[in-house]
Amino acid sequence: MPPPDAPALHTASLHRDLKLDDVIAGKLRLDLPGAVRLYREASLHDLGRWASAVADRLHGPAPAPRTYVIDRNINYTNVCSANCTFCAFKRDLGDADAYVLTDAQLHQKIQELVDIGGTQILLQGGMHPDLGLDYYVEMLRGIKAKFPQVHVHGFSPPEFVEFVAVLELEGFPTTPPRESHTLPHDVWLAKLEAVMRTLMDAGLDSLPGGGGEIFAEHVRSRIGLGKATAQQWLDVMTTAHKLGMSTSATMMFGHLEGVADRVHHMLTVRDRQDQAIVQDLPGRYLAFISWPYQRENTPLGQLPDFDPPEDQEPPKPRAEEPSDEAPDQSAFGNPQSAIPPFPGDEIADAIHSGTLDPTDKRALARRAPRFGKVLRRAGAHAYLRTQALSRLVLDNVHSIGSSWVTMGPHLGQLGLKFGANDMGSVMMEENVVSAAGTTYRLNEAVLCRLIRDAGHTPAQRDNHYHLLKTHDDLASSPDGQVTDWSTQRATNPQLPADTLPGAGDEGKNGTVQVTVS
């Protein structure tokens with residue numbers, strides 16, 4: 001048994017070795033080995049404390065504002081030519097439940113948003129192979145004609161990659177769906193910019209970071225079949241930045257990847273942001289949001305969970321809290337146990353330390369035969385560690401978003417103590433994550449209360465993170481208008497409230513019940 005002061009001594013050593021005072025002050029950057037070591041060796045409490053210190057430096061300590069936005073996720077179609085193994089939302093042309101929204105349906109959704117004080121829409125679809133450029137232009141023009149005040153945050157990089165393939169634009173070739181990569185790269189970039197300018201002229205304001213998933217090709221090629229490569233995703237965002245649009249970046253983790261793959265993803269975003277700053281591009285990455293993969297109803301979710309052999313003794317935790325990720329022996333961080341590492345960590349550590357060629361499939365199979373065949377899902381512990389690390393690594397990105405949509409309201413609230421400064425959006429509508437089995441929906445009053453109970457002042461923002469309303473006065477704040485919190489229970493967007501489990505059972509005790517589909 002380690003002595004009682006071992007965790008404290010290890011924290012001091014870690015803090016000293018990685019010069020964390022300088023990292024927190026913004027004077028020094030974490031590199032990949034240092035960030036992986038921090039993830040694996042720091043206690044959950046220390047990671048949260050250090051990430052919060054960075055958030056406080058950038059956004060102010062409590063009771064300084066922490067933000068949210070009132071917008072609506074609108075999926076204009078669920079038809080998609082990609083075959084992502086983690087997706088339960090996509091439909092093929094001809095499927096009975098495939099759809100494309102009509103203008104009337106789209107405008108009704110936006111009107112409902114405006115009626116509750118909303119300021120922007122998140123407009124995304126599948127990669128529809130048959131919709132022409134005129135469809136997108138007329139859709140945007142129609143939105144701006146009827147709702148000129150609404151910010152259109154639309155079309156993720158994979159959609160733009162498909163636009164380059166299939167949209168007909170004078171002077172440029174087309175390709176079959178999913179084959180834009182066959183174009184010469186200069187032609188690909190020129191067509192991308194031409195399409196983007198056309199959509200901006202029609203009313204597009206900014207780009208969401210959807211489709212980021214994991215950049216590491218040895219993982220991405222297994223989970224995102226037919227989708228944008230990492231290089232294509234990054235090129236779309238750089239083009240948007242050149243044209244003056246702001247964007248966000250995202251990461252979906254908790255499937256096949258190793259911890260080093262997550263860090264590599266963060267560092268890639270940081271490097272691209274550095275380039276935008278050095279080149280003085282008018283656009284930037286404004287936010288980074290990460291969330292765990294949701295497995296239900298997805299092909300990838302059919303894989304078994306990674307479990308150490310039953311005859312192996314479980315590892316003894318190094319610090320005060322258990323981890324939901326099996327420890328490993330690797331090139332980064334200290335070995336903690338004789339239990340074999342997760343295959344994704346074996347591969348990621350070898351690739352990112354330069355000892356394994358990621359394009360050599362036989363070498364990958366020899367190194368970790370179970371890689372790609374088992375899942376390591378991310379629970380609350382891994383989620384909070386990953387989010388905290390993103391705040392410590394991404395020193396040039398303004399905002400870190402808390403993912404309450406996948407993790408639930410109270411873990412989202414806890415995220416404000418692990419480096420996040422933004423609670424995202426009220427959830428009028430959500431289709432993609434809920435298709436994979438996880439559904440949370442909250443209104444403005446509950447979001448304000450969650451922020452206030454975390455010790456901060458709730459503030460409504462716009463897409464550029466400008467504060468629109470700061471709710472200093474509880475009496476006039478949305479959460480101050482609620483007299484019976486049992487009426488504010490979470491609802492499932494797909495079901496009537498009276499069909500939900502436990503409907504009508506809440507007491508008037510000031511709690512907020514969360515319903516998980």
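These legends walk through a few close-up views of a predicted protein model.

**View 1. How confident is the prediction, and where does confidence drop?** Across the protein, the mean pLDDT is 86, and 83% of the residues reach 70 or more. Residues 432-438 are a weak spot, with pLDDT under 50 throughout. Even so, the model gives that stretch 24 contacts beyond four places in sequence. Residues 492-517 also have pLDDT below 50, and here the model shows 49 contacts beyond near neighbours in sequence.

**View 2. Helices α5 and α6 cross each other.** Here we look at α5 (residues 103-115) and α6 (residues 133-146), whose axes come within 11 Å. They cross at roughly 40°, an angle that is neither under 35 degrees nor in the 65 to 115 range, so α5 and α6 count as oblique to each other. The crossing is right-handed.

**View 3. The residues where α5 meets α6.** From α5 come Leu 106, His 107 and Ile 110. Facing them from α6 are Met 139, Gly 142, Ile 143 and Lys 146. Sorted by class, this contact holds four nonpolar residues, two polar ones and one charged one.

**View 4. Helix α18 is mostly covered.** Take a look at residues 444-453, which form α18: seven of the ten are buried. Which ones are buried? They are Glu 444, Ala 445, Val 446, Leu 447, Cys 448, Leu 450 and Ile 451.

**View 5. What the buried residues of α18 pack against.** Two strands on the list are β1 (65-69) and β10 (422-425), and β11 (457-461) is there too. The helices α15 (404-407) and α16 (409-414) also pack against these buried residues.

Conventions: Residues are numbered from 1 along each chain as its sequence is written. This is a predicted model: local features need pLDDT of at least 70, side-chain atom pairs count only at pLDDT 80 or more; totals for chains, interfaces and linings use all residues. Side-chain values use heavy atoms; hydrogens and water are left out. pLDDT is the predictor's confidence in each residue, from 0 to 100. Contact means heavy atoms within 4.5 Å. Axes are lines fitted to C-alpha atoms, for helices over the stretch in contact, and angles run from 0 to 180 degrees between N-to-C directions. Helices (H or I, at least four residues) and strands (E, at least two) are DSSP runs, numbered from the N terminus. Angles under 35 degrees count as roughly parallel, over 145 as roughly antiparallel, 65 to 115 as roughly perpendicular and the rest as oblique. A crossing is left-handed if the near helix is turned anticlockwise from the far one by less than a right angle, and right-handed if clockwise. Ala, Val, Leu, Ile, Met, Phe, Trp, Tyr, Cys and Pro count as nonpolar, Asp, Glu, Lys and Arg as charged, and the others, Gly among them, as polar. Buried means under 20% relative accessible area, exposed over 50%, partly exposed in between (1.4 Å probe, protein chains only).
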